[in-house]
Amino acid sequence: VNSRHPSTGTPIIVFDIGGTWFRSGILLPDSQLIDVTKTPAVNYRNHPNKKASELQMSLVAYLTDEARRLRSHFSGERLRTVSISMGAALNVHTGLILNSGPLWGPECRSFDLVKNLAKKDPSFHWVVLNDISAALLRHVAVADCAQYSKIILITVSTGIGARIYDTRTYAIPIDPCYGIQGEIGHIPIEF
């Protein structure tokens with residue numbers, strides 16, 4: 001996850017997918033967020049009769065439907081890029097979501113969200129990033145970080161997680177094999 005590449009200067013559709021709320025909007029090149037919506041998350045607590053796989057496909061349906069709605073309401077250039085801040089452990093190399101217990105419950109399995117989104121609507125370019133990584137990159141973008149060699153963001157809520165940003169490489173270090181980013185939460189350990 002590298003923050004050195006500048007913005008393309010085009011608006012993008014953005015999502016913040018958490019275990020409690022789903023948020024969406026359009027991020028303009030000047031960092032203004034417009035057409036913001038907030039809806040209760042489709043999770044295993046709200047829908048106890050749905051299997052984890054059904055909840056995963058419900059997320060795909062929500063994301064594609066909402067991205068289409070946002071694009072249809074936006075005047076100007078065509079929106080093609082969708083960036084998703086996902087409350088889940090994921091493999092950055094592949095985009096595979098390793099686990100999102102707050103959304104899909106303790107029995108959930110890995111899920112290829114990007115593949116399923118691209119299959120359902122290939123007219124968009126889908127990008128998925130861990131929510132803590134996204135928050136850290138936002139803080140780094142607006143703060144004067146030159147005096148620090150590394151910056152860490154720790155979050156404690158329904159889950160716990162952390163990310164480190166290396167100011168020398170302009171990146172969040174990633175495990176070369178598993179693609180995870182210093183997870184201290186969301187990954188179950190089976191005994």
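Accessible areas here follow the Shrake-Rupley method with a 1.4 Å probe, and for residues only the protein chains shown count as cover. On that basis the accessible surface of the chain is about 10700 Å², with 56% of it belonging to carbon and sulfur atoms.

The model is predicted: local features need pLDDT of at least 70, side-chain atom pairs count only at pLDDT 80 or more, and totals for chains, interfaces and linings use all residues. Residues are numbered from 1 along each chain as its sequence is written, and side-chain values use heavy atoms, with hydrogens and water left out.

**Overall layout**

The chain holds four helices and nine strands. Both are DSSP runs numbered from the N terminus: helices are H or I with at least four residues, strands are E with at least two. Their order from the N terminus is β-β-β-α-β-β-β-α-α-β-α-β-β. The chain has 191 residues, and 41% of them count as buried. Buried means under 20% relative accessible area, exposed means over 50%, and partly exposed lies in between (1.4 Å probe, protein chains only). A contact is a pair with heavy atoms within 4.5 Å. Among contacts with a separation of 6 or more, 56% join residues 24 or more positions apart.

**Helix α1**

Helix α1 covers residues 52-73. It has 22 residues and spans 32 Å from first to last C-alpha, close to the 32 Å expected at 1.5 Å a residue. The expected span is 1.5 Å times one less than the number of residues. Buried residues of α1 include Ala 52, Leu 55, Leu 59, Leu 63, Glu 66 and Leu 70.

**Salt bridges**

Side chains of opposite charge can pair when their charged atoms come close. The criterion is a side-chain nitrogen of Lys or Arg within 4 Å of a carboxyl oxygen of Asp or Glu. Six salt bridges are found in the whole structure. Three of them are tabulated here.

| Pair | Closest N to O |
|---|---|
| Asp 65 and Arg 68 | 3.8 Å |
| Glu 66 and Arg 69 | 2.8 Å |
| Arg 68 and Asp 121 | 2.7 Å |

Arg 68 and Asp 121 link distant parts of the chain. Arg 68 sits in α1, while Asp 121 sits in the loop between α3 (113-120) and β7 (125-130), 53 residues apart. Asp 121 is buried at 6% relative accessible area. Arg 68 is partly exposed at 33%.

Arg 68 also pairs within its own helix, with Asp 65. The two are three residues apart in α1, so about one helical turn separates them. Asp 65 is partly exposed, at 45% relative accessibility.

Glu 66 and Arg 69 have the same kind of spacing: three residues, about one turn of α1. An α-helix has 3.6 residues a turn, so residues three or four places apart point the same way. Glu 66 is buried, at 10%, whereas Arg 69 is partly exposed, at 24%. Asp 35 joins Glu 66 and Arg 69 in a network of salt bridges.

**A nonpolar patch**

Which residues make the nonpolar surface patch of about 470 Å²? They are Ile 152, Ile 154, Val 156, Ile 160 and Ile 164. Patch residues have over 30% relative accessible area and no salt bridge; nonpolar side chains (Val, Leu, Ile, Met, Phe, Trp, Tyr) are joined within 5 Å, like charges within 9 Å. Strands β8 (150-156) and β9 (160-166) each supply at least two of its residues. The largest share, three residues, comes from β8. Ile 152 is placed in that strand, β8.
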